[in-house]
Amino acid sequence: MSSVLFVASEGLPFIKSGGLADVIGSLPKELVRKGDDARVIMPLYLKIVNQHKENLEKLCTFDVHSGNLHTVATIYTTVREGVTYYFVEHQGYFERGGLYGYDDDGERFAFFTKAVLEMLNQIDYFPDIVHCHDWHTGMLALMCKDHYANDERYQNMKHVMTIHNLAFQGNFSADLLYNCLGMDMKYYFDGTVRFHNGISYLKAGILFSDKVTTVSDTYAHEILTKEFGENMEGVLESRAWDLSGIVNGIDCDLWNPKTDSLLAKNYDVKSFVGGKKANKRALQEAMGLRVADDVLLIGMVSRLTWQKGVYLLVEKMYELMGQDVQLVILGTGETNIENEFKQIEYRFPRRAVYYCGYNEELAHQIYAGCDAFLMPSLFEPCGLSQLISMRYGTLPIVRETGGLKDTVIPYNQYTKEGTGFTFANFNADEMMNMIKYCIYVYYMQKEDWKTLVANAMKADVSWEASCRKYFELYDSMF
Ligand code: ADP
Ligand code: GLC
């Protein structure tokens, strides 16, 4: 058993913009249940201030010096379900409308990194393992080795870097290395952290952590190739020995159709026929779709970006709407995709609806009320939406990439095995053919459909197995 500090830029139940927050909200909880000391640290964003600050306790305030950054950090804390959370307060850096996408993101997360390391000394807490997530925290292992080279307490800690999405690398101009990260330019000139003529936070994380993981086995292999490597494949290859994939689970307390208070009717694997019918009806009513039990309702809950394969859907939209289906889409992202979906809603009233925005409650209702869930991703490190939809008995239609390949078992009409529908190539015709096959099974093979729903609901999407793998990984470093 060990003590682990999770360092991340977002995490439930406090703040979420994507699947990273789900993982940070659930994995530490599971580790604690199994006897570990797991803690989490993240920035204190405006949204957390507005919703949670009253319940946070002020822990300490200290100076943060890193390069030309000379400022102050305050740490707040709270405990939820056995997990201790720390929040780094800096109004200038974090109390803004959004989370990322600002010109000074490099500086903001340089500050965050230094504040995290300084806090350890302030509260005299030195975990066995610092588990960093994504580029925002990529500089931590190097900064720890560089700034605290003579401090045993810092040097005894082991570092794990988990890549949730290689497409986001935290690439910034080289001067940040000296100005904000307080490190010698030698790391740039000798090529160590140099990337595309600047510096890359993620590259540093990959090179200086003791272990590197990503969130599915298939993605761990894919990122070593040119196709998926985002120009980082060579760097990853140099760490291939220490690189592994551990698939995500979901928070089965939060995502449970039997207890979910946001649903019109609760259900489990024994009562899904009536349960899903009631939820479908409620969703159709709420969204203005024609209320009908017997039409295939396809859902999508997603960031609307190229990664998620939404352009395939845009390409085939009219062909899809020519089928006997209803469509409900929830998501925000690229404006042109949002506009395409608004058009579809306009053209196919009561058959297609698009909710432009972020809506937790509606997400639950879509997972429960739909029959199928579309996720034709170009690449998908793990993907949580397909796991959630399986748990809610909504059959995923996915492309066989990354975690989608590892978690969705394709329907086999002979053995009746399967938890969804899968297609291999990133190609709109292939996707459409698989959707048509799904439509056929829904209308013509009704018993098989029910078997698949039961299979999907019984699939193990919990953290159980993956937690064990993280324990093994942590143990392997000592
Ligand atoms: P990614 O992290 O790449 O966006 P994942 O499938 O890992 O993809 O996780 C996405 C998470 O965010 C899921 O929990 C999904 O339900 C949620 N989500 C995505 N878009 C929205 C939205 N518009 N409203 C509510 N939840 C959303
Ligand atoms: C990233 C990936 C997604 C993964 C999530 C959590 O956002 O895009 O596939 O599920 O991180 O690991």
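Which polar backbone atom is 2.9 Å from a nitrogen atom of ligand 1? Keep that question in mind while loading the structure, which is a predicted model, and begin by selecting ligand 1 together with Gly357: the polar backbone atom belongs to Gly357, and it is 2.9 Å from the ligand nitrogen.

**Stop one: ligand 1.** Extend the selection to the residues around ligand 1, of which there are 21, with Gly19, Arg303, Lys308, Tyr367 and Leu384 the closest. Two of these closest residues are worth displaying as side chains. Lys308 places a polar side-chain atom 2.8 Å from an oxygen atom of ligand 1, and an N or O atom in the side chain of Tyr367 is 2.7 Å from an oxygen atom of ligand 1. If you then switch on a surface, bear in mind that ligand 1 on its own has 570 Å² of accessible area, and that the protein covers 93% of it.

**Stop two: ligand 2.** Select ligand 2 next, and with it the 14 residues around it, among which His164, Asn248, Glu380, Cys382 and Gly383 come nearest. Colouring this shell by residue class will show six nonpolar, six polar and two charged residues. Now display the side chains that supply polar atoms to the ligand's oxygen atoms: Glu380 has a polar side-chain atom 2.4 Å from an oxygen atom of ligand 2, His164 has one at 2.6 Å from an oxygen atom of ligand 2, and for Gln307 the corresponding distance to an oxygen atom of ligand 2 is 3.2 Å. Taken alone, ligand 2 exposes 310 Å², of which the protein buries 93%.

**Stop three: the two domains.** Zoom out and colour the protein chain by its two divisions, domain 1 (3-249 + 464-476) and domain 2 (272-458). With this colouring in place, return briefly to ligand 2: because domain 1 and domain 2 both give residues to its shell, ligand 2 lies between them. The centres of the two domains, taken over C-alpha atoms, are separated by 33 Å, and the contact takes 19 residues from domain 1 and 18 residues from domain 2.

**Stop four: the interface.** Select the residues on both sides of the contact and consider the area that is lost there, since domain 1 and domain 2 bury about 1300 Å² between them, with 61% of it on carbon and sulfur atoms. Polar contacts also cross from one domain to the other, the count being seven residue pairs with both residues at pLDDT 80 or more. How many salt bridges does the rule find across the interface of domain 1 and domain 2? The rule finds one. To finish the tour, select Lys16 and Glu360, which form a salt bridge with their closest N and O atoms 3.9 Å apart.

Key
Residues are numbered from 1 along each chain as its sequence is written. Chains are lettered from A and ligands numbered from 1 in the order in which they are written. This is a predicted model: local features need pLDDT of at least 70, side-chain atom pairs count only at pLDDT 80 or more; totals for chains, interfaces and linings use all residues. Side-chain values use heavy atoms; hydrogens and water are left out. A residue is near a molecule or strand if one of its heavy atoms lies within 4 Å of it. A polar contact is a pair of N or O atoms within 3.5 Å; within protein, one must be able to donate a hydrogen and the other to accept it, and residues adjacent in sequence count only if both atoms are side-chain atoms. Accessible areas come from the Shrake-Rupley method with a 1.4 Å probe; for residues, only the protein chains shown count as cover. Ala, Val, Leu, Ile, Met, Phe, Trp, Tyr, Cys and Pro count as nonpolar, Asp, Glu, Lys and Arg as charged, and the others, Gly among them, as polar. Domain bounds come from an automatic or database domain assignment. Contact means heavy atoms within 4.5 Å. Buried area is the accessible area (1.4 Å probe) that two parts lose on being put together, summed over both. A salt bridge is a side-chain nitrogen of Lys or Arg within 4 Å of a carboxyl oxygen of Asp or Glu.
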